[in-house]
Amino acid sequence: MYDGNNKMSKRPTFKKFKEEALKDEAFKAEYEALRPEFEIIAKFIKARKKEHLSQVDLAKRLNVQQPSIARLEHGGYSSTSIAKLSKVANALGYNLKISLQAKKRN
């Protein structure tokens, strides 16, 4: 991005942007509420990559189209049924384990 003097203007890095945004309590609360979704997405992607599978490979194992896998990996796991999550985990060579943990009390 150039400014009027043909010099590169500095845009904040994502890390810097996130640091600043998390100073806002409302933003921080929303961000933390989404943490479980981010974590499950990251775990499924990590498992797929560990098995050296592309999205196309995983889609073939599940008898679905690749865009379905892309949608899951871009936030669709949170609205997916436990049965479907279990099928994806199984196709990756994993078992799905769901746990319930008590929240820490202040």
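This report looks at the salt bridges, one helix and the largest pocket of the structure shown above.

The model is predicted, so local features need pLDDT of at least 70 and side-chain atom pairs count only at pLDDT 80 or more, while totals for chains, interfaces and linings use all residues. Residues are numbered from 1 along each chain as its sequence is written, and side-chain values use heavy atoms, with hydrogens and water left out.

**Salt bridges**

Side chains of opposite charge can pair when their charged atoms come close. Here, a salt bridge is a side-chain nitrogen of Lys or Arg within 4 Å of a carboxyl oxygen of Asp or Glu. How many salt bridges does the structure hold? There are three, listed here with their N to O distances.

| Pair | N to O distance |
|---|---|
| Lys-23 and Glu-20 | 3.1 Å |
| Arg-35 and Glu-32 | 2.7 Å |
| Arg-48 and Glu-73 | 2.6 Å |

Arg-48 sits in helix H3 and Glu-73 in helix H5 (residues 66-73), so this salt bridge ties together parts that are 25 residues apart in sequence. Helices are DSSP runs of H or I with at least four residues, numbered from the N terminus.

Are these partners buried or exposed? Both Arg-48 and Glu-73 are buried. Buried means under 20% relative accessible area, exposed means over 50%, and partly exposed lies in between (1.4 Å probe, protein chains only). Lys-23 is exposed at 58%, whereas its partner Glu-20 is partly exposed at 41%. In the remaining pair, Arg-35 is partly exposed at 35%, and Glu-32 is partly exposed too, at 33%.

**Helix H5**

Along with Glu-73, the buried residues of H5 are Ser-68, Ile-69, Ala-70 and Leu-72. Their cover includes H3, helix H4 (55-62) and H6, where contact means heavy atoms within 4.5 Å. After H5 comes Gly-75, which has a positive phi near 115°.

**The largest pocket**

A pocket is an open set of points on a 1 Å grid over the protein atoms alone, where a 1.4 Å probe fits, with protein on both sides within 12 Å along at least five of seven lines; lining residues have an atom within 4 Å of a point. The largest one holds about 880 Å³ of space, a volume being the space filled by probe spheres set on the points.

Its lining has 26 residues, and Pro-36, Glu-39, Ile-40, Lys-43 and Lys-97 lie nearest the centre. Which helix gives the largest share of the lining? H3 does, with nine residues. By type, the lining divides into 14 nonpolar, five polar and seven charged residues.

Technical notes. Helices (H or I, at least four residues) and strands (E, at least two) are DSSP runs, numbered from the N terminus. Ala, Val, Leu, Ile, Met, Phe, Trp, Tyr, Cys and Pro count as nonpolar, Asp, Glu, Lys and Arg as charged, and the others, Gly among them, as polar.
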